[in-house]
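Let's walk through this structure together, one region at a time. Have the sequence and the 3D view ready as you read.

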Amino acid sequence: NCCLFPSGVISDTSTVVSASAGTNVTAHCPSDAVLTGCNSYYSSGTYNQILGAFAGAQLAPPQTTAWIATHNQCTAQSRDGTEVLASAQCLQLSSAFNLDCTTKAQYTTKKGFVGCDRGYTIMSCNTLNTLAPPQSIDAYYLDASGHCYVQQDGWKDMYANAICCRLQIPDTSSSSSSSSDSAQQSDDCNSAKITVHCDNTLYAYVQRTHDGAPVLL
């Protein structure tokens, strides 16, 4: 997602790429940053064999039962004969703020992903395909209405997964914390009413082609 944070919230942004390419590789945001995006990029080998990416310190396929911590980890996978790179998008916040992020997967297709819990904003939309060849990923992105859209050949189900976050101001005087309606794609935190404005149409991962074959997702 492409989001505009209030002034003074973000101290730095970075992208961390896995140390090497392979069929199962990970990238990690540093401990003082927060993972907000996770992607798989083609590196070498046979085209059209990328399986996708997912967040969290978990094995494939990503779990679908509950929202879990991202542990700042992005995993990218491909079939044998193709190597990919994992790419983690990271945000560093000023000490006055906290970005609480979680991740979850759902075995579905098209717009079937359940979306974020109330008070959270969807920051990235990813997918992982576990079906045998010739099934391949066609696209995964946030559509204009904020839904995580995933598609592979024949619109068969795969593991749509997302990172959802809420912006908070650490409250040292009480344990209370307030949030806004995530359907409006904003987060209001405590009495300061901090709002994050996101434009779902600006940040989407779509398929690129080379000689008619998918190269990069």
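**A walk through the strands**

Let's begin with Q92, which is buried because its relative accessible area is 16%, under the 20% cut-off. Keep in mind as you look that this is a predicted model. You will find Q92 in strand β8. Which side chain does Q92 meet in a polar contact of 2.7 Å? The partner is D32, reached side chain to side chain. Leaving aside residues up to four places away in sequence, Q92 touches V9, I10, S11 and D12, together with D32 and A33.

From β8 we can move to the nonpolar interior. The largest nonpolar core holds 29 residues, and those with the most contacts inside it are F5, A88, L93, L99 and L167. Strands giving two or more residues to this core include β3 (24–28), β4 (34–45), β5 (50–55) and β7 (73–78), as well as β8 (82–93), β9 (98–108) and β13 (158–168). Which of them gives the largest share? That is β8, with 6 residues. To see the packing around one member, centre your view on L99: beyond its neighbours up to four places away in sequence, L99 touches F5, V34, T36, L91, L93, C165, R166 and L167. Apart from this core lies another, of 14 residues, among them F113, L142, M158 and A162.

A162 also leads us to the next strand pair. In β13, A162 is the bridge partner of C125. Strands β10 and β13 run antiparallel and are joined by 7 bridges. Is β10 mostly covered or mostly open? Strand β10, residues 121–128, is mostly covered, with 8 of its 8 residues buried.

Now for some backbone details in the loops. Most residues other than glycine have a negative phi, and most peptide bonds are trans. Against that background, look at A60 and P61, which are joined by a cis peptide bond with omega about -5°; P61 sits in the loop between β5 and β6 (68–69). A cis peptide bond also joins P133 and P134, here with omega about 10°, and P134 lies in the loop between β10 and β11 (137–142).

Two residues other than glycine have a positive phi to look at. N72 has phi near 55° and belongs to the loop between β6 and β7. N72 is buried, since its relative accessible area is 14%. W155 has phi near 55° too, and its place is the loop between β12 (148–152) and β13. W155 is partly exposed, with a relative accessible area of 46%.

Note on methods. Residues are numbered from 1 along each chain as its sequence is written. This is a predicted model: local features need pLDDT of at least 70, side-chain atom pairs count only at pLDDT 80 or more; totals for chains, interfaces and linings use all residues. Side-chain values use heavy atoms; hydrogens and water are left out. A nonpolar core is a set of buried Ala, Val, Leu, Ile, Met, Phe, Trp, Tyr and Cys residues joined through side-chain atoms within 4.5 Å. Buried means under 20% relative accessible area, exposed over 50%, partly exposed in between (1.4 Å probe, protein chains only). Helices (H or I, at least four residues) and strands (E, at least two) are DSSP runs, numbered from the N terminus. Contact means heavy atoms within 4.5 Å. Two strands pair if DSSP finds at least two bridges between them. A polar contact is a pair of N or O atoms within 3.5 Å; within protein, one must be able to donate a hydrogen and the other to accept it, and residues adjacent in sequence count only if both atoms are side-chain atoms.
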